[in-house]
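The following report describes the fold and the charged contacts of a single protein chain. It proceeds from overall architecture to salt bridges and then to individual residues.

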Amino acid sequence: MVKRVAVIGAGSSGLTAIKCCLDEGLEPTCFERTEDIGGLWRFKETPEDGRASIYKSVIINTSKEMMCFSDFPIPDDFPNYMHNVKILEYFRMYAKHFDLLKYIRFKTTICSIKKRPDFSSSGQWDVISESDGKQESDIFDAILVCSGHHTFPHLPLNSFPGIEKFKGRYFHSREYKDPFEFHGKRIIVIGIGNSGGDLAVELSSVAKQVYLSTRRGAWVVNRVSDEGFPLDVVLYSRYKYLIKQFMPTDVLNSWAENKMNARFNHENYGLKPCHRADEVAFSK
């Protein structure tokens, strides 16, 4: 008897989960709470409850050579680092090529997932979903949760004493869409991760002044490496992996830090962190 699998979410992970289930002779049913595929990468002008949200200018940090699905290469004419519109287009091509849409129940929310009374012997789950105000119960042999992890913003206001007296506007980057409403404003962007770096640069084109705040500095890495090749393609080769196995960590750190400082000296900009390069979280 064919095993039934519930896939929750039709973003990048959900689509590949459906495909893998089909490859293994399983029967997948994907539940997507919105009206379309794409998850995080489907831009909407207004943030939606229970769904990840991106700003209009988002470009992925991973090159197409490294991020493409192994069984469906990204077209040659797509840029190395794709805008979110191109990423969604690629997902649509993938879903159409493998005929995945027929396994997706759109505008359907999962209400509950519970082990069946005989779970110890059957391994099955009771799943209750809701669509158009009507609930439906199904039994599945496995659950694949592909709902992502960028849905809920972390906004620790208790870390900012006096915030209740602040007369300006404050919000999480999840709510940001484009820079035009901030023309002539004085802005502080807190955090020097990917979103913080993106927003600080973009806002600087229209704002009166932009400050970028970071607790401990950061190693800033360019997407493009030597000779114009994508950085991740250059770094994550078998040859580089072999070198890392035999070279002392301190030597590798010094090499990487010298390369980054050659682009701009981090100390000159007050950005040199205490941590070494091997702890870097790639930024732009």
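Helices are DSSP runs of H or I with at least four residues and strands are runs of E with at least two, both numbered from the N terminus. Under that convention, Ser-225 lies in the loop between β9 (209–213) and α6 (231–235). The model is a predicted one.

**Overall architecture**

The secondary structure of the protein amounts to 8 helices and 9 strands. Along the principal axes, the C-alpha atoms occupy a box of roughly 65 × 55 × 40 Å. Of the 284 residues in the protein, 36% are buried. The exposed surface comes to about 17700 Å², and carbon and sulfur atoms contribute 54% of that area. When contacts between residues at least 6 apart in sequence are considered, 54% of them connect residues at least 24 apart.

The charged side chains number 38 positive and 36 negative, and 5 Å separates the centres of the two sets.

**The parallel sheet**

Four strands form an open sheet in the order β3-β2-β1-β7, and their pairing is parallel. The edges of this sheet are β3 and β7 (142–145), each of which pairs on one side only. Strand β1 (residues 4–8) is joined to β7 by 4 bridges, and the two strands run parallel. Within this pairing, Ile-8 has Val-145 as its bridge partner in β7.

Gly-148 belongs to the loop between β7 and β8 (186–190). The C-alpha atoms of Gly-148 and Ile-8 are 9.7 Å apart in space, although 140 residues separate the two in sequence. Is Gly-148 buried or exposed? Its relative accessible area is 59%, so Gly-148 is exposed.

**Salt bridges**

Side chains of opposite charge can pair when their charged atoms come close. With a cut-off of 4 Å between a side-chain nitrogen of Lys or Arg and a carboxyl oxygen of Asp or Glu, the count reaches 18 salt bridges. Three of the pairs are listed below.

| Acidic residue | Basic residue | N to O distance |
|---|---|---|
| Asp-23 | Lys-19 | 2.8 Å |
| Asp-36 | Arg-92 | 2.7 Å |
| Asp-138 | Arg-105 | 3.3 Å |

The salt bridge between Asp-23 and Lys-19 lies within helix α1 (residues 12–23), where the two residues are 4 apart and therefore separated by about one helical turn. Lys-19 has a relative accessible area of 9%, so this residue is buried.

The side chains of Asp-36 and Arg-92 also meet in a salt bridge. This pair links distant parts of the chain, with Asp-36 in the loop between β2 (27–31) and α2 (64–67) and Arg-92 in helix α3 (residues 84–97), 56 residues apart. Asp-36 is buried at a relative accessible area of 18%, whereas Arg-92 is partly exposed at 35%.

A further salt bridge brings together Asp-138 and Arg-105. Here too the pair links distant parts of the chain: Asp-138 is in strand β6 (residues 134–140) and Arg-105 is in strand β3 (residues 104–105), 33 residues apart. Asp-138 counts as buried, with 9% relative accessibility, while Arg-105 counts as partly exposed, with 26%. Beyond such separate pairs, salt bridges with shared partners connect Glu-35, Arg-42, Lys-44, Glu-48 and Arg-51 into one network.

**Surroundings of selected residues**

Helix α1 also contains Thr-16. Which residues does Thr-16 touch, not counting those up to four places away in sequence? Under that restriction, Thr-16 touches Phe-69 and Tyr-94. The C-alpha atoms of Thr-16 and Phe-98 are 10.0 Å apart, with the two positions 82 residues apart along the chain.

The loop residue Ser-225 offers a second case. Its relative accessible area is 17%; because buried means under 20%, Ser-225 is classed as buried. Not counting residues up to four places away in sequence, Ser-225 touches Pro-230, Leu-231 and Val-234.

Key. Residues are numbered from 1 along each chain as its sequence is written. This is a predicted model: local features need pLDDT of at least 70, side-chain atom pairs count only at pLDDT 80 or more; totals for chains, interfaces and linings use all residues. Side-chain values use heavy atoms; hydrogens and water are left out. Buried means under 20% relative accessible area, exposed over 50%, partly exposed in between (1.4 Å probe, protein chains only). Contact means heavy atoms within 4.5 Å. Accessible areas come from the Shrake-Rupley method with a 1.4 Å probe; for residues, only the protein chains shown count as cover. Lys and Arg count as positive and Asp and Glu as negative; His and the chain ends are not counted. The place of a charge is taken as NZ of Lys, CZ of Arg, CG of Asp or CD of Glu. Two strands pair if DSSP finds at least two bridges between them.
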